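Here is a friendly walk through a protein model, in questions and answers. Each answer sets a value beside the rule that gives it its name.

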Amino acid sequence: MSNLSTPLNIQRRASLREHNTFGLPALADILVRVASDADVRRVVDHPELGIAPKFVLGGGSNVVFTRDLMAVVVKVEVMGRRLVREQADAWIVEAGAGENWHDLVAWTLDQGWPGMENLALIPGLVGASPVQNIGAYGVELKDRFDSLDAVDLVTGRSVTLGADECRFGYRDSVFKQALAGKSVITRVRFRLPRPWQPVLGYLEIERKMHDTGVTAPDARTVFDWICAIRRAKLPDPAVIGNAGSFFKNPVVSPEQCRDIIGRDPEIVHYALADGSTKLAAGWLIDACGWKGKTVGRAGVYEKQALVLVNRGGASGAEVVTLARAIQESVYGRFGIRLEPEPIIL
Ligand SMILES: Cc1cc2nc3c(=O)[nH]c(=O)nc-3n(C[C@H](O)[C@H](O)[C@H](O)COP(=O)(O)OP(=O)(O)OC[C@H]3O[C@@H](n4cnc5c(N)ncnc54)[C@H](O)[C@@H]3O)c2cc1C
């Protein structure tokens, strides 16, 4: 951890290629690494950095850089993880925003505090997990969230926010809306309910139960299954540049859903509690013939049409051109507008 006597770690004209999992080329006017709340305040109070526009960067696994950033990129490196308290009904665990997400999930399991296993192997850092309310295999961050600490990028004030103030939605939170770009999340606390209850109601997990004959898996087994499922169907960003799912799964009204199913009975869809239906965006893209296609140096992953990939040396503009072409053909065939999940800059 830095203290007030060490100078801020500032880099000018810094390459962001190594800081985004798509491997897209871009330069940051200034890149500053922050390891504590005090560092964020020093950025805010800095005569040059304080007044410049800012972009907060975690692991870069949910961003698409289409240009150089004429901004101060605040790279979050706040470390540390600990058990805050053990309650009769939950373990409360805290992690610094700069901790690796998957390592945190594995560490909590090692400590005997299960509950985050369905979220294993999601790339990125802890600080970004509330931003889009990360989710996978039937669990969302909000289901395991207690509170977070953040520092305001204008006033330098620290705040603690609970779940209501974070306004979590499907791949959404106040940090993508009213507070977008306005604060740096520095620590997140998780509430892992006791006794542990597995979340198994997902087709691929049910298939694992069927194939292995294990009908009451422990948390470690679920963790291993999730890792295996993800490795089999998602490209490893260390090998093929990508940002995971490129589009959100669209949510449609019952009327729209009836209309679409009438035309395409095969469509993959999930009923939601409020009566609406979530459609599998990957299925819509595949149905339009995009799986495995390449445009320029960007492409659609062979095993999962929802994932756009860097075939080698792609620019952000090429990725966005491909994304727009996909949006147009899905709209043309189904009348549905796909919304990108990553932040496009
Ligand atoms: C192969 C692959 C699979 C994926 N699978 C999933 C999945 O199953 N489910 C899912 O939900 N996502 C998934 N993702 C998307 C991504 O991993 C998550 O959104 C992750 O939380 C992003 O973390 P990051 O640290 O890389 O954030 P970044 O990409 O660095 O940033 C994302 C956004 O969060 C903001 N941000 C980052 N850190 C902070 C902070 N400390 N304070 C304030 N704002 C911040 C940034 O400004 C930006 O707007 C996947 C991505 C890949 C590449």
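**A threonine and its surroundings**

Q: What makes the link between the side chain of Thr21 and the backbone oxygen of Asn242 a polar contact?
A: The side chain of Thr21 reaches the backbone oxygen of Asn242 at 2.7 Å. A polar contact is a pair of N or O atoms within 3.5 Å; within protein, one must be able to donate a hydrogen and the other to accept it, and residues adjacent in sequence count only if both atoms are side-chain atoms.

Q: What kind of model is this, and how are its residues numbered?
A: This is a predicted model, in which local features need pLDDT of at least 70 and side-chain atom pairs pLDDT 80 or more, while totals for chains, interfaces and linings use all residues. Residues are numbered from 1 along each chain as its sequence is written, and side-chain values use heavy atoms, with hydrogens and water left out.

Q: Why is Thr21 called buried?
A: Its relative accessible area is 19%, and buried means under 20%, exposed over 50%, and partly exposed in between (1.4 Å probe, protein chains only). Thr21 is therefore buried.

Q: Where does Thr21 lie, and which residues is Thr21 in contact with?
A: Thr21 sits in the loop between β1 (9-15) and β2 (27-34); strands (E, at least two residues) and helices (H or I, at least four) are DSSP runs, numbered from the N terminus. Leaving aside neighbours within four places in sequence, the contacts of Thr21 (heavy atoms within 4.5 Å) include Gly59, Gly60, Ser61 and Asn242.

**Around the ligand**

Q: How many residues surround the ligand?
A: There are 34, and the closest are Val56, Gly58, Gly59, Ser61 and Asn62. A residue is near a molecule if one of its heavy atoms lies within 4 Å of it.

Q: Which backbone and side-chain atoms come within polar range of the ligand's oxygen atoms?
A: A polar backbone atom of Gly60 is 2.8 Å from a ligand oxygen, and a backbone N or O atom of Asn62 also lies 2.8 Å from one. An N or O atom in the side chain of Arg171 is 3.4 Å from an oxygen of the ligand. Taken alone, the ligand exposes 980 Å², and the protein buries 93% of that (Shrake-Rupley areas with a 1.4 Å probe; for residues, only the protein chains shown count as cover).

**Arginines and an unusual bond**

Q: Why is Arg171 called buried, but Arg167 exposed?
A: Arg171 has 13% relative accessibility, so it counts as buried. Arg167 has 57%, so it counts as exposed.

Q: What makes the phi values of these two arginines worth a look?
A: Most residues other than glycine have a negative phi, and most peptide bonds are trans. Arg167 has a positive phi of about 45°, and Arg171 has one of about 50°.

Q: Which peptide bond is cis?
A: The bond joining Arg194 and Pro195 is cis, with omega about -5°. Pro195 lies in the loop between β12 and α4 (203-212).

**Paired strands**

Q: How do you know that β10 and β11 pair?
A: Two strands pair if DSSP finds at least two bridges between them. Five bridges join the antiparallel β10 and β11, so they meet that rule. Ser147 stands opposite Gly162 in β11, and the two strands form a hairpin with five residues between them.
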